[in-house]
Amino acid sequence: MAISEEQASWFQSTFQALADNVEQVVLGKRHVIELAFTAMVSEGHLLLEDLPGTGKTSLARAMSQTVHGTSTRIQFTPDLLPGDVTGITVYDQKNGEFEFHAGPIFANVVLADEINRASPKTQSALLEAMEEGKVTVDGVTRSTGAPFLVIATQNPIEQAGTYPLPEAQLDRFMIKTSLGYPDLAATVRILEATSELPHELNPVITPQALVGMSGIARAVHVDPVIFDYIGRLVEATRTASQTRVGVSVRGARALTKAAKTWAAAQGRGYVTVDDVKSLAVPALAHRLVLDPEAEFDGVTGAAVIGQVLLDVVPPVRSSAA
């Protein structure tokens, strides 16, 4: 059942209000903020590959404050254990019972800082939570709550002592993007407003209302020709000469879900080709496994997706139901 015009209008205004609120703290990065909320509303997760000091922690904290939720920060290090992420069960001698001590994964927004510095075993502690919103410890499964967003960061420099994220884990991030350094104008604004930037943001909506936004996004109409277009894009990544492994079905589903949210954020109840094109690189590029020779030649996943968008002919018709 397609969403109504009233729902689309409310979604658009609320989405813009969310981004406006966060932009009070993260200046000059409107597009990245919108991508982050697209991942959150679409019930996905965000991977930021960025240099130190670009505002990753500020983004996570501002998002949690904006939705009146909880936020935690996990500093990933080589000695971090899975239990440090998920929590552990401890025996209480006084009561004679085992008690669960929840880990930092139980929050609305979880910042996994420098995730590639932890061992693969610890990285894998996030997999169940990211995929299902649940954590199983000692045979007991607990929900992380909703909304639930993992913002993971990795540093593109200082790679000594890091563990590259396995493809299975990369595939669970709906969107990968980068904040990057602000331009000169934004830098000047940040310097001028350093003492005036708000430490606490007023919430825009409740966590329950954001879950309602997710429900509206799921109901956005996708024309069969759009499904066909996404399918052809994904197939093209698998046959591209520069790739060893193309985009998975999970990746195609992630792009579809994100495109629905993106369409609703524009006040529409249906997905267009432009919605798909706008999100193709951040939703698909990180899922590719490049051919070693192509990688050596400097080919990137974003470049491959860009070429695929040029090669695959989009549908002529893509409108509302």
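This report describes the aromatic ring pairs of a predicted model, together with the charged side chains that sit over rings.

A pair of aromatic rings is described by the distance of the centres and the angle of the planes. In this model, a search of the whole structure finds 4 aromatic pairs, and two of them are set out in the table below.

| Pair | Centre-to-centre distance | Angle between planes | Arrangement |
|---|---|---|---|
| F15 and F37 | 6.5 Å | 70° | edge-to-face |
| F100 and F106 | 5.9 Å | 75° | edge-to-face |

The pair of F15 and F37 links distant parts of the chain, since F15 belongs to helix 1 (residues 5-23) and F37 to helix 2 (residues 30-41), with the two 22 residues apart. F15 has a relative accessibility of 1% and therefore counts as buried, and F37, with a relative accessible area of 0%, is buried too. Both residues also belong to one aromatic cluster, in which F11 takes part as well.

The pair of F100 and F106 has another setting: F100 counts as partly exposed because its relative accessibility is 23%, and F106, at a relative accessible area of 21%, is likewise partly exposed. The ring of F100 has a further partner, for R142 lies over its face at 3.8 Å from the ring centre.

A charged end over a ring is found at Y270 as well, where the charged end of R268 sits 5.7 Å from the centre of the ring.

Definitions and conventions. Residues numbered from 1 in each chain as written. Predicted model: local features only at pLDDT ≥ 70, side-chain atom pairs only at ≥ 80, totals over all residues. Heavy atoms only, no water. Phe/Tyr/Trp six-rings, centres within 6.5 Å; stacked < 30°, edge-to-face > 60°. Helix = DSSP H or I, 4+ residues; strand = E, 2+ residues; numbered from the N terminus. Buried < 20%, exposed > 50% of the residue type's maximum accessible area, 1.4 Å probe, protein only. Lys NZ or Arg CZ within 6 Å of the ring centre and 35° of its normal.
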